[in-house]
Amino acid sequence: MDNDPHIHDRMKQALGGEFTVQCVGSVSEARRCLSLSQPDIVISEVVIGRESGLDLCRYVRSNPSLQQLPIMLLTSMATLQDKVEGFQAGTDDYVVKPFDTHHLIARIRLLARIKRLERRTTV
């Protein structure tokens with residue numbers, strides 16, 4: 001989730017060959033989409049206009065049907081404090097822009113693998 005259409009295009013171009021990518025531009029739109037279907041991962045910017053990807057993290061972690069959903073913050077917010085706030089809000093991974101496509105895909109695969117392992121241990 002990012003409110004910048006150029007980032008949407010870059011994400012679709014970078015990930016579209018391996019993943020189905022759905023881009024939204026607001027926290028409220030992301031919540032609506034999450035209520036309709038659950039993706040394999042949520043990737044969000046921290047600053048989305050006047051909204052916050054941190055609020056989306058907190059929403060996902062507080063919703064019992066979404067709690068196990070992996071979240072990645074992909075953001076230009078790069079200080080240690082920014083990262084700590086992201087992890088405290090519930091993100092599983094924190095990647096700073098500009099991003100390398102190969103690194104991003106590797107991180108997404110890692111989160112998917114962790115999700116699969118968690119499912120195995122909770123069943």
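In the next few minutes I will talk through one predicted protein model, beginning with its confidence and then moving through a helix, a pocket and two loop residues.

Since this is a prediction, let us look first at how far the predictor trusts it. The protein averages a pLDDT of 91, and 98% of the residues score at least 70. Where is confidence lowest, and where is it highest? The lowest value belongs to helix α1, residues 5-15, with a mean of 84, while the highest belongs to α4, at 98. Please keep in mind that predicted coordinates should not be read in detail where pLDDT is low.

Now turn to helix α3, which runs over residues 53-62, and whose buried residues are Gly53, Leu54, Leu56, Cys57 and Val60. These residues lie on the same side of α3, because they cover an arc of only 155° around the axis. What do they pack against? Their partners are the helices α2 (27-36) and α4 (80-89), together with the strands β1 (42-44), β2 (47-48), β3 (51-52) and β4 (71-75). At the N-terminal end of α3 you will find Ser52, which acts as a cap, with a side-chain oxygen that lies 3.0 Å from the backbone nitrogen of Leu54.

From the helix we move to the largest pocket, which has a volume of about 710 Å³. It is lined by 30 residues, and those closest to its centre are Gln22, Pro39, Ile41, Val42 and Ile43. Looking at the lining by element, we see that α1, α2, β1 and α5 (101-122) each supply at least two residues, and that α1 gives the most, with 4 residues. As I said a moment ago, α1 is also the helix where confidence is lowest, at a mean of 84.

Finally, I would like to compare two residues that sit in loops. Ser26 is found in the loop between α1 and α2, whereas Arg50 lies in the loop between β2 and β3. Are these residues buried or exposed? Ser26 counts as buried because its relative accessibility is 16%, and the cut-off for buried is under 20%. Arg50, by contrast, counts as exposed, because its relative accessibility is 90% and the cut-off for exposed is over 50%. The side chain of Ser26 also reaches the backbone nitrogen of Glu29, at 3.0 Å. Although Arg50 and Ser26 are 24 residues apart along the chain, their C-alpha atoms are separated by 9.2 Å in the model.

How values were computed
Residues are numbered from 1 along each chain as its sequence is written. This is a predicted model: local features need pLDDT of at least 70, side-chain atom pairs count only at pLDDT 80 or more; totals for chains, interfaces and linings use all residues. Side-chain values use heavy atoms; hydrogens and water are left out. Buried means under 20% relative accessible area, exposed over 50%, partly exposed in between (1.4 Å probe, protein chains only). The arc is that of the directions from the helix axis to the C-beta atoms. Contact means heavy atoms within 4.5 Å. A polar contact is a pair of N or O atoms within 3.5 Å; within protein, one must be able to donate a hydrogen and the other to accept it, and residues adjacent in sequence count only if both atoms are side-chain atoms. pLDDT is the predictor's confidence in each residue, from 0 to 100. On a 1 Å grid over the protein atoms alone, a cavity is a set of points where a 1.4 Å probe fits but cannot get out, and a pocket is an open set with protein on both sides within 12 Å along at least five of seven lines; lining residues have an atom within 4 Å of a point. Grid points are joined across faces, edges and corners, and a volume is the space filled by probe spheres set on the points.
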